[in-house]
Amino acid sequence: MHHAFRMITFQALAIAASAVAMTVVAVESRAAPASSAAVVHIDNFTFNQPVLTVHPGATVTWVNDDDIPHTVVDENGSFRSKVLDTGDRFSFTFAKAGQFEYFCSIHPHMTGKIIVKA
Amino acid sequence: MFDDQRGARREFLKCMAWAGTGALFAFEGGVAGSIGLDAAIAAPKAPPAVPPFTFVQLSDSHIGFNKPPNADARATFAEAIAKVKALPIRPDFIIHTGDVSQLSRDDEFDDADQMLKSTGLPVFFIPGEHDMLDADGGKGFLARFGKGSKGAGWYSFDHRGVHFVALVNVADLKPGGMGNLGPEQLKWLKADLDARSSSTPVVVFAHIPLWTVYADWGWGTDDAAEALSLLRRFGSVTVLNGHIHQIAQKVEGRIAFHTARSTAFPQPAPGTAPSPGPLKVAADQLPGMLGITDALFVRGKDRIALIDSTLAA
């Protein structure tokens, strides 16, 4: 009973946290539309900005803050990092508009999306 | 044969004594009946005596891992190897159910290889996702540990009347998904099993569990149901997995599922932490959360007995 309660609490917190995170992302992308660089942190087996909007020409850098290796792989093959150990980074410059869905090929339940639009 | 079994049982009891704090799972099954029936149809004589034997499962050695709670996964793997060498019954072979290495580096594979070779026992490998991280997606692992295997590293072999099937569910993983066997491997599995009678005991091993332990963390295999449907007609099926660094078990019909401990670091129980990252336990607690699995096969009444013991025991 105690266990079940703890899990529900955790899920509620996670939902609340992701709602906050999504709001922040939305606000940031409106507030700073011209940013040419963005960082996605990998922590606790998640991409901390699961949906990130940038302008064409922006460079996105992923940083692995986990103590387990991860990768960043575009589903359609336009980018694919080598394995990123703790502290390793991978950058990719998005030249053209479009949507890029990516995942960690080691832990495929980890997914994210980059939206590139002018 | 009865005497053989008595002897095996005595040895088995010794094992239990040795296992100490380890958990013991012994499965009763309807195997004897089907064997007796087959033998009776084939020839009116006693079924051939298959001597008891043991094999050891090692898993998730993560050679190269050096972060909390384990600064040296090589050292804890060496302890596990020492335990294997000290077993009261010398196992016929070892299976390693994947994540041999942390980062698929050649020196990590080599260190694991050298330590395993020191046992003098044959070792059968399947890759974990950490063994597929080289630029060629697993070629380094296959070149060293996958000789004679098919596809991404799957194969089967027979040992003293038991059919062993090694499956790979860490290759070509799909976005948003869990473990994956893929149509090519499933086709091969069907042909491989079609050639065996239902009375053949089967042991299947794969890295990621072949049943869904916890979908939110990807702890399952998307197309496992297809593989399991091919296995249901067999009288005794034992599925041995790793990946989740803790013991989990389930019996479904005549299929017994079991996951082994890691020799490197424990992971949290499903849903008890924000992520499946290493469980950062205190140094004095670590040995009690790492371990090996010893499997005893006695042809007859009992299913395979799996004896888990920790590095603390």
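Two exercises with solutions follow, on a helix and a sheet in chain B of a predicted model.

**Exercise 1.** Compare the reach of helix H4 of chain B with its expected span, then sort its residues into buried and exposed.

*Solution.*
1. H4(B) runs over residues 106-117, which is 12 residues. From first C-alpha to last the helix reaches 16 Å, close to the 16 Å expected at 1.5 Å a residue.
2. A residue counts as buried if 20 or more other C-beta atoms lie within 10 Å of its own, and as exposed if 12 or fewer do. The buried residues in H4(B) are B:Glu108, B:Phe109, B:Asp111, B:Ala112 and B:Leu116.
3. These buried residues lie on the same side of H4(B) because they cover an arc of only 165° around the axis.
4. On the face turned away from that buried side are the exposed residues B:Asp106, B:Asp107, B:Gln114 and B:Lys117.
5. The cover over the buried residues includes, from chain B, the helices H3 (73-85) and H5 (139-145) and the strands E3 (94-96) and E4 (123-125).

**Exercise 2.** Give the strand order of the open sheet in chain B, find its edges, and describe how E5(B) pairs with E6(B).

*Solution.*
1. The open sheet has six strands, in the order E5-E6-E7-E8-E10-E9, with mixed pairing.
2. E5 (155-159) and E9 (249-252) of chain B each have a single partner strand, so they stand at the edges and one side of each lacks a neighbour in the sheet.
3. From one strand to the next, the twist averages 15°.
4. E5(B) pairs with E6(B), residues 162-166, in the antiparallel sense over five bridges. For B:Ser156, the bridge partner in E6(B) is B:Val165.

Notes. Residues are numbered from 1 along each chain as its sequence is written. Chains are lettered from A and ligands numbered from 1 in the order in which they are written. This is a predicted model: local features need pLDDT of at least 70, side-chain atom pairs count only at pLDDT 80 or more; totals for chains, interfaces and linings use all residues. Helices (H or I, at least four residues) and strands (E, at least two) are DSSP runs, numbered from the N terminus. The expected span of a helix is 1.5 Å times one less than its number of residues. The arc is that of the directions from the helix axis to the C-beta atoms. Two residues are in contact if their C-beta atoms, placed from the backbone, lie within 7 Å. Two strands pair if DSSP finds at least two bridges between them. Axes are lines fitted to C-alpha atoms, for helices over the stretch in contact, and angles run from 0 to 180 degrees between N-to-C directions.
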